[in-house]
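Thank you all for making time this morning. I would like to walk you through one protein structure, and I will explain each term as we come to it.

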Amino acid sequence: MPVTIADLAQEFSLAPGQVTGVLADLGVILDNQVLEGDPETIDLVRQSLQDLRGSNEIALTPNKTPRDIASALGIPQPEVQKTLMTKMKVMATLTTTLKPEVAEQLAEQFGFKVRWIEANKPKAAAVAKPKKAAKVEGAQPRPPVVTILGHVDHGKTSLLDYIRKANVAGKEHGGITQHIGAYQVDLPEGKITFLDTPGHAAFTAMRARGAQVTDIAVLVVAADDGIMPQTIEAINHAKNAEVPIIVAVNKIDRPDASPDRVLQQLPEHEVIPEAYGGDVITCPVSAITGEGIPHLLEMILLQAGILSLTADPKAKLSGVVIEAKLEKGRGPVATILIQEGTLKPGDAVIVGSAYGRVKAMTDYLGQRLQVASPSTPVEILGLSDVPNAGDRVESAEDERSARVIAEQRGSDDRIRGLAGTRKRFTFGDLKRKIESGETKDLNLIVRADVQGSVEAVRGLLEKIVSDEVNVHVIHSGVGSIVESDILLASAAEAICIGFNVKPEPGAKIQAERSKVEIRTYNIIYELIEDIEAAVKGMLAPRFEEVYQGAIEIRMVFNLSRQGKVAGCHVTDGRVTRNASVRVRREKDVVWEGKISSLRNVKQDVREMTAGQDCGIQFEGWEAFVAGDAIEAFELVQTN
């Protein structure tokens with residue numbers, strides 16, 4: 001198996017620069033920081049590193065920068081620069097070339113003594129250059145991408161923390177993961193890439209994003225808590241993405257733990273454990289003691305073997321953005337997951353509507369990488385703008401062509417945004433989609449005020465039978481319609497149904513952005529009748545009033561040719577020709593209909609706004625009087 005400098009440094013408790021010095025002494029030349037060769041060469045390297053263990057000597061070539069020294073010592077770059085400026089009183093950037101005496105003093109600050117070696121000149125010829133391993137063409141096995149899902153405080157981050165032996169949970173604010181992290185764990189049996197998704201309810205949308213790029217979902221359920229609302233959401237997200245689920249029953253070390261109760265609850269949500277004759281793997285684990293975790297990792301690799309996951313490192317680059325942000329001093333930073341092909345520093349890439357040349361590439365530990373193969377998560381610098389999570393990553397011939405393609409995509413996105421080309425999936429579309437053969441499923445998300453109503457609505461909906469359409473309730477719950485419901489509806493082309501509940505303000509905004517239809521009802525029979533009519537393709541158009549403005553009739557004119565005209569003043573908003581109006585006299589509505597004529601002086605106009613005077617005639621009605629108040633509105637079809 002290929003070994004990297006970082007692997008050797010960790011194995012022998014040495015700084016990366018010490019490993020580099022030993023390799024230089026032996027004349028070993030690396031291929032992209034990877035040591036590949038015959039067993040004798042590798043054994044000799046390991047023996048030399050064993051002899052060096054405990055030494056404080058580090059080998060450096062001349063003309064080193066603070067960044068180079070930080071990498072050689074295995075110390076964070078900010079700490080090295082801070083030591084230079086505060087303790088040594090040397091003003092230098094990370095890329096400033098240091099004098100030999102300054103570099104020696106800097107290394108001494110961290111307990112190391114410098115041994116200078118010549119650059120690019122091996123000091124010993126005893127070991128020949130290791131031969132490169134033969135590379136297999138075409139698709140090759142790749143590590144599985146695993147997403148950790150589950151309810152808040154059920155131990156997702158602690159579980160992953162134990163697996164990768166790094167204290168991530170302790171560094172997070174409040175012990176809750178604040179962002180999506182991507183980590184790769186190297187086991188004797190193979191590598192596993194983990195997406196550490198947040199567990200708090202406020203980050204449900206980010207959890208769904210993680211599930212969209214995963215091969216296997218590990219559902220973490222606390223043995224002392226059982227199935228919780230966010231556990232159910234995680235199950236529905238994973239099932240909607242058609243991702244196999246492995247259930248990790250965590251906290252079995254607790255005195256009140258009851259793993260059997262969790263197994264009994266799972267079938268209620270169509271997750272059948274193997275112990276009950278199903279196909280879902282369950283693993284009792286403890287993120288505190290580590291009990292059961294080796295078995296969980298074995299099951300992940302076993303499931304990956306069943307899925308036969310492959311990718312071609314030689315194929316054209318393809319990947320996806322996990323997260324992206326703008327960092328002070330670094331510019332746009334994107335965490336991406338490679339899915340096909342190979343990425344190297346210097347490659348020109350297109351990331352959504354952003355572009356650039358990869359200036360630097362690091363892993364989750366902050367270590368520089370020279371090559372990233374499929375299923376590898378990396379953080380890259382050098383993009384022109386901050387991409388969106390979920391954007392595709394593609395290669396380009398050069399930075400110029402990448403810029404042209406990215407700018408064209410950005411222009412297309414703006415045009416689509418202005419034109420609103422994304423079609424809202426509504427009941428009215430269902431018949432057309434059925435006739436054209438595009439769909440046979442009506443996916444629904446149901447929210448109600450109490451659990452009894454949820455069960456009643458869901459039960460009635462699932463009894464609707466049609467030869468052409470299958471009704472699926474992909475998620476249901478108690479409470480208002482929230483943003484995570486809209487996100488799931490958008491991914492599944494579903495419609496949100498609310499019974500005795502309303503959508504939250506954030507959900508309304510997200511629904512408008514995602515083009516998801518929300519329907520609310522207070523009478524259960526109206527809800528069922530609408531769904532049945534939609535299934536049969538007979539749903540009548542549904543309209544919603546959109547307020548335009550308020551008008552006051554101040555005078556009445558009798559014109560011989562035109563008839564009666566209302567002399568009006570627009571007091572609020574606007575009024576348009578052919579608008580629908582409601583005329584009130586004191587508190588009573590005396591007439592409702594449409595405007596037939598809107599004039600300003602002698603000119604026909606399309607619209608009049610607040611503060612303007614106009615003449616209005618109504619379709620088939622002239623019984624208005626001075627003092628009548630007019631409310632103008634338009635009817636917008638919502639299905």
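Two strands are said to pair if DSSP finds at least two bridges between them, and the strands themselves (E, at least two residues), like the helices (H or I, at least four residues), are DSSP runs that are numbered from the N terminus. Please keep in mind that this is a predicted model, in which local features need pLDDT of at least 70 and side-chain atom pairs count only at pLDDT 80 or more, while totals for chains, interfaces and linings use all residues. Residues are numbered from 1 along each chain as its sequence is written, and side-chain values use heavy atoms, with hydrogens and water left out.

Let me begin with the barrel. Six strands close into it in the order β13-β14-β17-β16-β15-β18, with antiparallel pairing, and the twist from one strand to the next averages 45°; for such angles, axes are lines fitted to C-alpha atoms, for helices over the stretch in contact, and the values run from 0 to 180 degrees between N-to-C directions. Within this barrel, strand β14, residues 331-340, is joined to strand β17, residues 377-383, by five bridges, and the two run antiparallel. Leu-337 is found opposite Pro-377 of β17.

Next comes an open sheet, where four strands are arranged in the order β20-β19-β21-β22 and the pairing is parallel. Its edge strands, each of which pairs on one side only, are β20 (470-478) and β22 (518-521), and here the twist averages 25° from one strand to the next. Four bridges hold β22 alongside strand β21, residues 494-499, in the parallel sense, and Phe-499 has Tyr-521 of β22 as its bridge partner.

Further along the chain, which strands pair with β24? Strand β23 (residues 543-559) is joined to strand β24 (residues 563-576) by 10 bridges, running antiparallel, and a hairpin of three residues connects β23 to β24. In this pair, Asn-558 stands opposite Lys-564. β24 is also joined by four bridges to strand β29 (residues 613-618), again antiparallel, with Gly-567 partnered by Gly-615 in β29. Over three bridges, β24 pairs in the antiparallel sense with strand β28 (residues 607-609) as well, and there Thr-576 stands opposite Glu-607.

Now to the interior, and to the largest nonpolar core, by which I mean a set of buried Ala, Val, Leu, Ile, Met, Phe, Trp, Tyr and Cys residues joined through side-chain atoms within 4.5 Å, where buried means under 20% relative accessible area, exposed over 50% and partly exposed in between, with a 1.4 Å probe and protein chains only. This core has 27 residues, of which Leu-159, Phe-194 and Ile-300 touch the most other members. Among the elements that give two or more residues to this core are α7 (156-164), β8 (190-196) and α11 (293-307), and the largest share, seven residues, comes from α11.

Finally, a cavity is a set of points, on a 1 Å grid over the protein atoms alone, where a 1.4 Å probe fits but cannot get out, and its lining residues have an atom within 4 Å of a point. A search of the whole structure finds one cavity of 30 Å³ or more. The lining of the largest cavity is formed by Glu-233, His-237, His-475, Ser-484, Asp-485 and Leu-488, and α15 gives the largest share of that lining, three residues.

How values were computed
On a 1 Å grid over the protein atoms alone, a cavity is a set of points where a 1.4 Å probe fits but cannot get out, and a pocket is an open set with protein on both sides within 12 Å along at least five of seven lines; lining residues have an atom within 4 Å of a point. Grid points are joined across faces, edges and corners, and a volume is the space filled by probe spheres set on the points.
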